[in-house]
Amino acid sequence: MTGTAAGVLVTDGEQRAALAVVRSLGRAGHRVYVCSTRGRSLAGASRYAAGEARTPDPLREPAAFVEALAALARRWDVAVVLPIAEPALLAVLGARERLAGCRVPFPDLERFRAISDKAHLLAVAPEVGIAIPAQQLVPSPAALAELDLDALCYPLVLKPARSVGEAGGERRKLAVRHAADAAEVRRVARELPAAAFPLLLQQRVVGPGIGIFLLRWRGETVAAFAHRRLREKPPSGGISVYRESIAAPPELLARSQALLERFDWEGVAMVEYKVDAASGRPYLMEVNGRFWGSLQLAVDAGVDFPALLVALALGERPAPVRIWRAVRSRWWWGDVDHLLARLRRSERELALPPGSPGRLRTVVEFLRLWRPGDRNEILRWTDPRPFLRETLEWIQGR
């Protein structure tokens with residue numbers, strides 16, 4: 001992609017999405033800089049990273065994090081700042097004025113918080129014809145204690161309304177949990193921090209995950225993409241480790257665009273669905289108003305979201321992109337973790353949905369190391385250092 005070259009600062013260099021952004025923008029001719037809490041990160045190892053620095057943790061020290069970004073932006077003459085993970089976005093969008101002179105191509109904090117609030121999002125979704133799972137909103141631990149848990153329909157997903165919760169002035173990342181019965185809900189409830197509330201008790205939808213990915217700017221859709229998850233980490237459902245591009249179902253694409261319009265959204269977003277295996281009906285799970293973990297798949301398929309977003313931020317008008325190639329992408333070490341989890345733990349321990357492949361089939365599918373159309377997400381022969389750094393970190397973490 002040609003156009004104005006600029007300095008771009010990318011946060012959360014340890015994230016795979018950050019690596020995809022750095023590679024995309026470096027190939028587009030931008031000077032790309034990376035920061036992370038470690039100082040030596042996955043994205044920072046890329047040949048396309050012009051510089052790398054360490055910053056405070058945006059989750060625990062948001063104000064210090066933004067001050068560090070501002071200093072780096074001045075030092076490196078940065079025109080665009082791209083926060084990657086949610087804690088960084090919350091910190092930056094809440095103190096945008098500290099980055100005066102830099103473009104941050106995301107909505108304001110109020111809109112980001114609104115679309116990140118799963119309870120609010122799932123209340124709005126039916127208004128545009130999007131199905132949501134049966135669920136119950138539990139506002140507090142006291143309200144959960146008063147529920148007749150034995151009367152609920154299982155299995156359930158216990159989902160905090162926000163992925164980054166806040167209580168007592170502190171922010172913390174929150175995880176989704178599964179429960180097969182009332183006893184498991186009670187056990188999980190004892191482990192939940194106050195920041196996990198309000199909590200959604202959501203009926204579990206069994207079936208493949210589908211993502212609709214959109215870039216909207218000034219009321220128009222500039223780019224669209226869709227993929228299907230093939231394997232996840234953990235195996236019960238989570239981060240995709242093997243996925244494929246698919247044609248976007250027209251009706252689902254239209255409703256996803258309508259949903260983002262309700263939030264007056266501007267920038268990138270992933271609208272995540274689970275398709276019920278029995279009925280074929282897609283149910284909305286959440287919307288991530290940021291770059292997603294499997295971003296490299298979209299870039300490989302021909303929808304270069306990072307380059308398009310930066311072009312828009314710099315005042316250019318790139319041609320809309322709504323056609324893409326059929327490709328698959330494997331995150332190697334994530335797929336190894338998926339395999340190890342399947343071999344080491346029982347189906348019940350993993351809370352696997354009915355119909356999941358057995359251990360033997362899991363091994364056979366893993367050993368299909370390559371098929372036409374497959375890409376390795378991290379390992380690129382023209383840019384091998386991120387894979388080497390990730391491999392060393394994976395080994396050290398064993």
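Strand E12 gives the most to the lining of the second largest pocket, with 3 residues. The structure described here is a predicted model.

**The second largest pocket**

The volume of this pocket is about 250 Å³. Its lining includes Trp217, Arg218, Glu220, Thr221 and Val222. Also among the lining residues are Leu312, Gly315, Glu316, Arg317, Pro318, Pro320 and Arg322. By residue class, the lining of the second largest pocket divides into 5 nonpolar, 2 polar and 5 charged.

**Strands E12, E13 and E16**

Strand E12 covers residues 220-233 and runs antiparallel to E13, to which 6 bridges join it. Within this pairing, Arg231 has Tyr242 of E13 as its bridge partner. E12 and E13 form a hairpin with 5 residues between the strands. In that hairpin Gly237 takes a positive phi near 135 degrees.

E13 also pairs with strand E16 (residues 328-330); the two run antiparallel and are joined by 3 bridges. Here Arg243 stands opposite Ser329 in E16. Is E13 enclosed or open, and why? Of the 7 residues of strand E13 (residues 239-245), 6 are buried, so the strand is largely enclosed by the rest of the structure.

**Salt bridges**

Side chains of opposite charge can pair when their charged atoms come close. The structure holds 31 salt bridges. Three of them are set out below, each with its N to O distance.

| Salt bridge | N to O distance | Relative accessible area, Arg or Lys | Relative accessible area, Asp or Glu |
|---|---|---|---|
| Arg111 and Asp108 | 3.4 Å | Arg111, 23% | Asp108, 32% |
| Lys118 and Glu286 | 3.5 Å | Lys118, 5% | Glu286, 17% |
| Arg328 and Asp374 | 2.7 Å | Arg328, 15% | Asp374, 11% |

In the pair of Arg111 and Asp108, Arg111 is partly exposed at 23%, and Asp108 is partly exposed at 32%.

The side chains of Glu286 and Lys118 also meet in a salt bridge. Glu286 lies in strand E15 (residues 282-288) and Lys118 in helix H5 (residues 118-124), so this pair ties together parts that are 168 residues apart in sequence. Buried means under 20% relative accessible area. Glu286, at 17%, therefore counts as buried, and Lys118, at 5%, is buried as well.

The salt bridge of Arg328 and Asp374 has an N to O distance of 2.7 Å. This pair, too, links distant parts of the chain: Arg328 is in strand E16 and Asp374 in strand E17 (residues 374-376), 46 residues apart. Arg328 counts as buried at 15% relative accessibility, and Asp374 counts as buried at 11%.

Which residues do salt bridges with shared partners join into one network? They are Arg177, Glu184, Arg187 and Glu191.

**Cysteines**

A disulfide is a covalent bond between the sulfur atoms of two cysteines. How many disulfides does a search of the whole structure find? The search finds 0. Cys102, for one, is in no disulfide, and the nearest cysteine sulfur, that of Cys35, is 12 Å away. The cut-off for a disulfide is a pair of cysteine sulfur atoms within 2.5 Å, so the sulfurs of Cys102 and Cys35, 12 Å apart, do not qualify. Cys102 itself is buried, with a relative accessible area of 17%.

Definitions and conventions: Residues numbered from 1 in each chain as written. Predicted model: local features only at pLDDT ≥ 70, side-chain atom pairs only at ≥ 80, totals over all residues. Heavy atoms only, no water. Buried < 20%, exposed > 50% of the residue type's maximum accessible area, 1.4 Å probe, protein only. Helix = DSSP H or I, 4+ residues; strand = E, 2+ residues; numbered from the N terminus. Pairing = 2+ DSSP bridges. Salt bridge = Lys/Arg side-chain N within 4 Å of Asp/Glu carboxyl O. 1 Å grid on protein atoms, 1.4 Å probe; cavity = no way out; pocket = protein on both sides within 12 Å on 5 of 7 lines; lining within 4 Å. Points joined across faces, edges and corners; volume = space filled by probe spheres on them. Nonpolar A, V, L, I, M, F, W, Y, C, P; charged D, E, K, R; others polar.
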